Amino acid sequence: MLRVVLFFPLLCLALLSAPFSAHAAMEIQVIGGAASKFAVAMVPFQAAPGQPEPALARIVGDDLERSGQFRLVDTSGMQQPVSPAQVNYGVWRGKGADAVVIGQVTALPGGRFEVRFYLLDAIKQTQLAAFRYTITAAQWRATAHQIADIVYEKLTGIPGAFSSRIAYVQKQGQRFELRVADADGQNPRTVVRSSEPVISPRFSPDGARVAYVSFEDKKPVVYVQSLRDGGRSKVAAFKGSNSAPAWAPDGRRLAVVLTRDQASQIYLINADGSGLARLTRGGNLDTEPVFSPDGQFIYFTSDRGGSAQIYRVAASGGEPRRVTFSGSYNVSPAISPDGRNLAYISREDGRFSVVLHELASGQTRVLTDSARDESPSFAPNGQAVLYATVQGGRGVLGTVSLDGKTRTRLSESGVDAREPAWGP
Amino acid sequence: MNKIFLPVLLALTLSACGTTPDTQATVEDRTGATTTTAAPARGVESTGVDGAGVAGSALPGDQYAGDPRKDPASPLSKRSVFFDFDSYVVKSEYRPMLEAHASYLQSKPDARVILQGNADERGSREYNLALGQKRAEAVRRALAVLGVSDSKMEAISFGEEKPRNEASTEAAYAENRRTDVVYADE
């Protein structure tokens, strides 16, 4: 009956066949700064002829700096050792470095490169990590993010999240694109193009699929799409509106919001669209479900108490329990990978900000000072929150560290970015 | 000029260019205000000033012939129900309009409506989608009370995604807090 696809053609592009965007990629801008914990000397790696730009050490340094947990030691005018034996630790200690990263890129036949790097403890004068990669030019940035992950984990004890990806919706005029990019906003690839709105993208736990809401059928319908081949299917297209997909940790089920029984209510459904079961009841508005990492609970937004607040209900059903109490508008819950923290959007004096809420203590902290923040999601390592805000009249994406002290902007000029989600 | 009324204007223009006997035969007058023959002059209101009467007369093309839902003089041509801030109450001023749609829907076995709820841009997109749904449901319930069966209606929401007015002003927000009545065959 709804033949709108004919009138509003939607191109569904396979990830692999999608051409790399010619647009300038997003920029990193560190707005605030925490008292940096680790001082790292990112020594420029010895370069090979024909290697891609920018240099590996630069990409790694940007990653580390963006986390807010590192300070980069000035390496200009310094010697560039390529093996640990050549490192003069005294010089680096004199510059305040806690750790030194050195490396070397060598050109191989067939346009390939060999990358070697060493992470050295400048105080103990020991080697913390050493790796060798054989890569193509296309794997250049991915290799830099892997090196950054190793440096981050060795020095902080927490896994890095630099090799993860983000999804967001870009609006240009009346064109909507669902895009998947690296965690630093670079290397964006369009996976859905539509003349109708797309909202609420969510990565499956293994990162191989993305669920989202598309309006291409003249109403909100939940789709699940493979990021490998671009194939997709409608998971929820019931009478009324279908929205707010959230993956269960096992990747087999989703929570969705349907209005088939009139009010917006939360349902569970298998990823293939079978096995529908209603979770919440009553004539109130329930939406924005998100699973706890153990899959036992679902946090969601509801107006059942007279204002928009966050509640928790067992994934097996039962009576919801209220989680937020202050203010009159707390929405868009996201839960940290360790299950300890909730991030959400809170309205205070007409300003919408990202709030971090420690579940055990109930203590809250406002992380942002912008006025129109939306859609928070945690990094896979739980150390930062990705969100959307409005700057200069257009939508931009940003990250903020859990202490609120380090904020970055992932921005691309001339486009409106919104609805971000951080994935594996 | 808003999006809903553009097609209405277009239909008006087309019908003014010449109606065939066929289309006249399909016209059904449910409101008493629409008829293809002997239509009174409409679209012109005359008001006396100091006893000096101004007589209005129909302009060429003003004779409405066509789909009664698109007759600007009919309450059926009214398609939007606006809501107050944070409210889902259908105000009484919309009763004549909704009664006209209810009686049209009951008279046409195949007629079906989609009630499209909308919200202003402030706050979460998913929450606003649910708020728009509440506004669509409010209109659906009002039509159900007037006798329209559930199978003829679908309440959906566009949330803040399809604003009629894209400005970030109170006036634009008021314009965007609404439910549109859209027929499935339109």
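# Notebook: chains A and B, predicted model

**Overall look at chain A.** I started by counting elements: chain A has four helices and 30 strands. Its radius of gyration is 23 Å, close to the 22 Å that the globule rule gives for 424 residues, so chain A is as compact as a globular protein of that length. I should keep in mind that this is a predicted model. The box around the C-alpha atoms of chain A, taken along the principal axes, comes out at roughly 70 × 50 × 40 Å. I also looked up burial, and 48% of the 424 residues in chain A are buried. Of the contacts in chain A with a separation of 6 or more, 48% are between residues 24 or more positions apart.

**Domains of chain A.** The domain assignment splits chain A into domain 1 (38-156) and domain 2 (165-422). Their centres, taken over C-alpha atoms, are 35 Å apart. I checked where they meet: seven residues of domain 1 of chain A and nine residues of domain 2 of chain A make the contact. On the domain 1 side, helix 2 (56-66) and helix 4 of chain A each supply at least two residues. Helix 2 of chain A gives the most there, with three residues. What kinds of residue does domain 1 of chain A put on that side? I found three polar, four charged and no nonpolar ones.

**Helix 2, up close.** Helix 2 of chain A came up at the domain contact, so I went back to see how covered it is: 10 of its 11 residues are buried, so it is largely enclosed by the rest of the structure. The buried ones include A:Leu56, A:Ile59, A:Val60 and A:Leu64, and also the charged-looking names A:Asp62, A:Asp63, A:Glu65 and A:Arg66. I then asked what these buried residues pack against. The partners in chain A are strand 2 (38-42), strand 3 (70-72), strand 4 (99-107), strand 5 (113-121), helix 4 and strand 29 (407-410).

I looked at both ends of this stretch too. Helix 2 of chain A is followed by A:Gly68, which has a positive phi near 80 degrees. On the other side, A:Pro54 sits in the loop between strand 2 and helix 2 of chain A. The peptide bond joining A:Glu53 and A:Pro54 is cis, with omega about -15 degrees.

**Nonpolar cores.** The largest nonpolar core has 120 residues, and A:Val40, A:Val60, A:Val100, A:Val101, A:Val151, A:Val256 and A:Ile298 have the most contacts inside it. Helix 4 (residues 140-156) of chain A gives the most to this core, with eight residues. Where does the core lie relative to the domains? Domain 1 and domain 2 of chain A both give residues to it, so it lies between them. I picked A:Val101 to follow outward: not counting residues up to four places away in sequence, it touches A:Val40, A:Ala41, A:Met42, A:Val43, A:Val60, A:Phe117, A:Leu119 and A:Val151. Apart from this core there is another, of 18 residues, with B:Leu76, B:Leu98, B:Val113 and B:Ala155 among them.

**Where chain B meets chain A.** I found 17 residues of chain B in contact with 28 residues of chain A. On the chain B side, helix 4 (125-145) and strand 3 (153-159) of chain B each give two or more residues. Helix 4 of chain B gives the most, with eight residues. The chain B side divides into six nonpolar, four polar and seven charged residues.

**Strand 7 with strand 30.** Strand 7 (residues 165-172) and strand 30 of chain A run antiparallel, joined by five bridges. Strand 30 (residues 416-422) is mostly covered, with six of its seven residues buried. I used A:Gln170, in strand 7 of chain A, as my marker. Its bridge partner in strand 30 of chain A is A:Ala417. Is A:Gln170 buried or exposed? With 24 C-beta neighbours inside 10 Å, A:Gln170 counts as buried. Leaving aside neighbours within four places in sequence, A:Gln170 contacts A:Glu177, A:Arg179, A:Val415, A:Asp416 and A:Ala417.

**Odd backbone angles.** Most residues other than glycine have a negative phi. I noted A:Ala244, with a positive phi of about 50 degrees, in strand 14 (residues 242-247) of chain A. A:Ala244 is buried, with 34 other C-beta atoms within 10 Å. A:Ser332 also has a positive phi, near 55 degrees, and lies in strand 22 (residues 330-335) of chain A. A:Ser332 is buried, with 28 other C-beta atoms within 10 Å.

Note on methods: Residues are numbered from 1 along each chain as its sequence is written. Chains are lettered from A and ligands numbered from 1 in the order in which they are written. This is a predicted model: local features need pLDDT of at least 70, side-chain atom pairs count only at pLDDT 80 or more; totals for chains, interfaces and linings use all residues. A residue is buried if 20 or more other C-beta atoms lie within 10 Å of its own, exposed if 12 or fewer, and partly exposed in between; C-beta atoms are placed from the backbone. Two strands pair if DSSP finds at least two bridges between them. A nonpolar core is a set of buried Ala, Val, Leu, Ile, Met, Phe, Trp, Tyr and Cys residues joined through C-beta atoms within 7 Å. Domain bounds come from an automatic or database domain assignment. Two residues are in contact if their C-beta atoms, placed from the backbone, lie within 7 Å. Ala, Val, Leu, Ile, Met, Phe, Trp, Tyr, Cys and Pro count as nonpolar, Asp, Glu, Lys and Arg as charged, and the others, Gly among them, as polar. The radius of gyration is taken over C-alpha atoms; the globule rule is 2.2 Å times the number of residues to the power 0.38.
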